[in-house]
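Visitor: I would like to learn how to read a protein model from its overall fold down to a single strand. Could you take me through it step by step?

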Amino acid sequence: MIGIDIEKISRFENWTDEGFKRIFTEKELEYACEFENKIEHLCGFYCVKESFVKALDDTGIHFSQIEVLHNENGKPYINNTRYIQSILKEHFKSRVEISISHCKDYATAVVLVE
Ligand SMILES: CC(C)(COP(=O)(O)OP(=O)(O)OC[C@H]1O[C@@H](n2cnc3c(N)ncnc32)[C@H](O)[C@@H]1OP(=O)(O)O)[C@@H](O)C(=O)NCCC(=O)NCCS
């Protein structure tokens, strides 16, 4: 199953710290803050969260519980928390692959659930 999302970076321009903290995990915020274009990265993570919901066709999933991390090469993945494991189990799935891309104006992500 597959999900895709694209978002305008400007959507996040006026968000408060509280707003970010409601959607993004501490590690996601820490990662993005390392970059000058912080909201480009966060917008990409947001696209992953939307795409994951689309791939599973499950609008009951909490965005704040989907955490995007990176391996040593910078490749992103969804943290395999108990919550994610339980969601995947519920949908009889076991593996998730994600890909993110962003530029000045837009971010996009694709999520594949097997
Ligand atoms: C990793 C790479 C593919 C990213 O591409 P890009 O066009 O610079 O940037 P994009 O906006 O499309 O993608 C950025 C996202 O790629 C993802 N990414 C980074 N490293 C990755 C990797 N090793 N594998 C898969 N995805 C990766 C990340 O999710 C990143 O976004 P994030 O940091 O916000 O999570 C690119 O920088 C790279 O290293 N290419 C290697 C080949 C190369 O250097 N060629 C140069 C030839 S001149």
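Guide: What follows goes from the whole chain to one strand and its partner. This is a predicted model, in which local features need pLDDT of at least 70 and side-chain atom pairs count only at pLDDT 80 or more, while totals for chains, interfaces and linings use all residues. Residues are numbered from 1 along each chain as its sequence is written, and side-chain values use heavy atoms, with hydrogens and water left out.

Visitor: Which pattern does the chain follow along the sequence?

Guide: Helices (H or I, at least four residues) and strands (E, at least two) are DSSP runs, numbered from the N terminus. Here there are four helices and five strands, arranged along the sequence as β-α-α-α-β-β-α-β-β.

Visitor: What share of the 114 residues is buried?

Guide: Buried means under 20% relative accessible area, with a 1.4 Å probe and protein chains only; in this chain, buried residues make up 42% of the 114.

Visitor: How are the side chains of strand E1 divided between a covered and an uncovered face?

Guide: In a regular strand the side chains alternate between the two faces of the sheet. In E1, residues 2-8, the covered face holds Gly 3, Asp 5 and Glu 7, whereas Ile 2, Ile 4, Ile 6 and Lys 8 form the uncovered one.

Visitor: In which sense do E1 and strand E5 pair?

Guide: Two strands pair if DSSP finds at least two bridges between them. E1 and E5 (residues 106-113) pair in the antiparallel sense over seven bridges, and Ile 2 stands opposite Leu 112 in E5.

Methods. Buried < 20%, exposed > 50% of the residue type's maximum accessible area, 1.4 Å probe, protein only.
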